[in-house]
Amino acid sequence: MAQLVFFSGTMDCGKSTLALQLDHNHAARGRSGVIFTQRDRAGADVLSSRLGLSVPAVEVSAETDFWDEVVRRRSRGRAVDYLVCDEAQFYAAEQVDQLARLVDEMDVDVFAFGITTDFRARLFPGSARLIELADRVEILQVPALCWCGARATHNARTIDGVMVLEGEQVVVGDVGVGRGAVPGGVVGYEVLCRRHHMRRMTATSARAVALSQEGLPLDVAACGLPPRG
Ligand SMILES: Nc1ncnc2c1ncn2[C@@H]1O[C@H](COP(=O)(O)OP(=O)(O)O)[C@@H](O)[C@H]1O
Ligand SMILES: Cc1cn([C@H]2C[C@H](O)[C@@H](COP(=O)(O)O)O2)c(=O)[nH]c1=O
């Protein structure tokens with residue numbers, strides 16, 4: 001029986017890499033799939049992983065109807081056994097409904113990949129609907145890490161290096177500083193554990209605190225402050 005599976009996590013935890021691996025393994029067994037993505041950092045019509053692999057993909061827009069996409073391909077005689085759907089956090093709730101319908105009524109496996117929450121720790125619409133509808137939500141096995149060494153569970157946005165909690169929900173960018181831009185400055189992202197997301201403590205700000213405490217009779221290492229680098 002086909003399934004709707006949501007592989008979820010923070011930025012930079014290996015989702016796109018896993019998407020490419022799943023596609024490879026299913027294709028190797030003669031199954032026929034279609035790869036979709038939206039707003040990949042590498043540009044339109046491509047699914048890219050930070051490990052260096054990228055493949056052509058169908059760009060999802062607000063007009064995309066997944067049901068129609070599959071019907072069109074099948075009516076041309078092409079098999080569609082599964083869909084790989086990357087950056088699914090950006091999909092509309094109705095598009096996730098279409099994916100669930102494809103699983104139930106056309107027996108198409110859907111493997112969706114996306115970040116759960118935005119920089120304010122609020123669910124994206126696509127992720128919220130996937131959590132509501134998926135047969136399974138899978139958390140990736142190799143965790144991305146916060147600067148303190150704990151598993152990263154949240155995504156922080158920085159503008160000119162400073163963590164922010166205001167702004168548009170969608171700003172394409174990468175972990176690290178300086179790979180996206182908004183009118184107010186240069187956007188970066190950093191993955192953090194919940195404790196440090198709630199304290200607005202990025203690696204940079206934690207290092208600044210550590211420096212300001214230098215010379216105090218405090219065991220800084222015991223406080224879990226980040227290494228200098
Ligand atoms: N140079 C590298 N060597 C080994 N692993 C790397 C390297 N660069 C990135 N990675 C791995 O790739 C992961 C990011 O993969 P990617 O699929 O692009 O993430 P996501 O789609 O979740 O944002 C990192 O968590 C890390 O494990
Ligand atoms: C937290 C957050 C992220 N984004 C964007 C930034 C990236 O372009 C993607 C996530 O891609 P990844 O392959 O998982 O790294 O989402 C955003 O638009 N808004 C946010 O709040």
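The shell around ligand 1 in this predicted model divides by class into 5 nonpolar, 4 polar and 3 charged residues. An unbroken run of sequence supplies part of this shell, with Met 11, Asp 12, Cys 13, Gly 14, Lys 15, Ser 16 and Thr 17 among its members. Ser 49, Arg 50 and Leu 51 join them, as do Val 142 and Ala 144.

Around ligand 2 there are 16 residues, and those that come nearest are Met 11, Asp 118, Phe 119, Asn 155 and Val 172. Two or more residues of this shell come from helix α1 (15-28), and the same is true of strand β9 (154-159). By class, the shell around ligand 2 has 7 nonpolar, 4 polar and 5 charged residues. Met 11 is thus a name to keep in view, being listed around ligand 1 and also among the residues that come nearest to ligand 2.

It helps to step back to the protein that holds these ligands. The fold contains 6 helices and 12 strands, and its C-alpha atoms fill a box of roughly 75 × 35 × 30 Å along the principal axes. Of the 229 residues, 34% are buried. Among contacts between residues at least 6 apart in sequence, 68% join residues that are at least 24 apart.

The domain assignment gives two units, domain 1 (4-139) and domain 2 (154-223). Their C-alpha centres lie 29 Å apart. Where the two domains touch, the contact takes 12 residues from domain 1 and 13 residues from domain 2. The side contributed by domain 1 consists of 5 nonpolar, 2 polar and 5 charged residues. Ligand 2 ties in with this arrangement, as its shell draws at least three residues from each of domain 1 and domain 2.

The UniProt record, in an unreviewed entry, lists a "binding site" made up of Val 170, Val 171, Val 172, Gly 173 and Tyr 189. These positions are spread over 20 residues of sequence, yet they cluster in space, the largest C-alpha distance being 12.1 Å. One of them, Val 172, is also among the residues that come nearest to ligand 2. Val 171 sits in the loop between β10 (162-164) and β11 (176-182), and Val 171 counts as partly exposed because 16 C-beta neighbours lie inside 10 Å. Tyr 189, by contrast, belongs to strand β12 (residues 185-192) and is buried, with 22 other C-beta atoms within 10 Å. Leaving aside residues up to four places away in sequence, Tyr 189 touches Met 11, Asn 155, Ala 156, Arg 157, Gly 173, Asp 174 and Val 175. Two of these partners, Met 11 and Asn 155, are again found among the residues that come nearest to ligand 2.

The annotation "active site", likewise from an unreviewed UniProt entry, covers Glu 87. This residue is placed in the loop between β6 (82-85) and α3. Despite the loop setting, Glu 87 counts as buried, since 25 C-beta neighbours lie inside 10 Å and the cut-off for burial is 20 or more. Beyond residues up to four places away in sequence, the contacts of Glu 87 are Thr 37, Gln 38, Arg 39, Asp 40 and Gly 114.

Helix α4 (residues 125-133) offers a view of how a helix packs in this model. Its buried residues are Gly 126, Ser 127, Arg 129 and Leu 130. Seen down the axis of α4, these residues fall within an arc of 165°, so they line one face of the helix. The spacing fits the geometry: an α-helix has 3.6 residues a turn, so residues three or four places apart point the same way. The elements covering the buried residues of α4 include β1 (4-9), α3 (93-106) and β7 (109-115).

Two loop residues deserve a look for their backbone geometry. Asp 45, in the loop between β2 (33-37) and β3 (46-48), has a positive phi of about 60° although it is not a glycine. Asp 45 is exposed, with 12 other C-beta atoms within 10 Å. Ala 121 is found in the loop between β7 and α4, and its phi is near 65°, a positive value in a residue other than glycine. With 16 C-beta neighbours inside 10 Å, Ala 121 counts as partly exposed.

Methods: Residues numbered from 1 in each chain as written. Chains lettered and ligands numbered in written order. Predicted model: local features only at pLDDT ≥ 70, side-chain atom pairs only at ≥ 80, totals over all residues. Helix = DSSP H or I, 4+ residues; strand = E, 2+ residues; numbered from the N terminus. Contact = placed C-beta atoms within 7 Å. Near = placed C-beta within 6 Å. Nonpolar A, V, L, I, M, F, W, Y, C, P; charged D, E, K, R; others polar. Domains from an automatic or database assignment. Arc of directions from axis to C-beta. UniProt positions renumbered as here; feature names shortened; annotations may be inferred.
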